[in-house]
Amino acid sequence: MKKTIIAVLAVVMIFSVLSVVLVSCHAKTSADSIKSGLEKAGYKVDQYDKNTFETAQSTVTIKTSEMDGLQTVFYAYKGTDNKDSILVFVFESIKNATVSDEVQGILLDWGRNHAPETDTSIYGTHNNVVWAGSSAARSAAGLNG
């Protein structure tokens, strides 16, 4: 009887731990934490909603007003040479954090032009975020992994 109770408790504990791990893997990244991390690292951060980004940025031709679930767009930069910058698209949920192949191509090109030549990671996703730019800015934004 004791072995059965111990076995049941062990199974319950294992499922509890796995549930916590699975939930934490799909945690949303908050726009406030991204902005705060970038500002603490010395980046100038411009913030846009999905409708104003299109008109404010002449260097990127992305129809953000048509992106489902897009909440906020950040453009952060440091220095004047444009080699330490990042674009961050924060979506409402992880399932919305996808972009078309065309937009991926645009972001890859943008990332190459706004990161040091030695950066091997210039575009990616992190939870509910799509980003492009320098790896230093990505780390400052807390978008590791």
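**Exercise 1.** Work out whether Asn127 counts as buried, partly exposed or exposed, and find which loop holds it.

*Solution.* Asn127 has 24% relative accessibility, so it counts as partly exposed (buried is under 20% relative accessible area, exposed over 50%, partly exposed in between, with a 1.4 Å probe and protein chains only). Next, place it: Asn127 sits in the loop between strand 4 (123-126) and strand 5 (129-133). Strands here are DSSP E runs of at least two residues, helices H or I runs of at least four, numbered from the N terminus. Now check the backbone: phi is positive, about 55°, though Asn127 is not a glycine. Most residues other than glycine have a negative phi.

A word on the model: it is predicted, so local features need pLDDT of at least 70 and side-chain atom pairs pLDDT 80 or more, while totals for chains, interfaces and linings use all residues. Residues are numbered from 1 along each chain as its sequence is written, and side-chain values use heavy atoms, without hydrogens or water.

**Exercise 2.** Find which loop holds Asn82 and what its phi is.

*Solution.* Look between strand 2 (70-77) and strand 3 (85-91). Asn82 is no glycine either, yet its phi is positive, about 60°. With 34% relative accessibility, Asn82 counts as partly exposed.

**Exercise 3.** Name the residues that Leu107 contacts, leaving aside neighbours within four places in sequence.

*Solution.* Contact means heavy atoms within 4.5 Å. On that basis, Leu107 touches Ile62, Leu87, Phe89, Tyr123, Val130 and Ala132.
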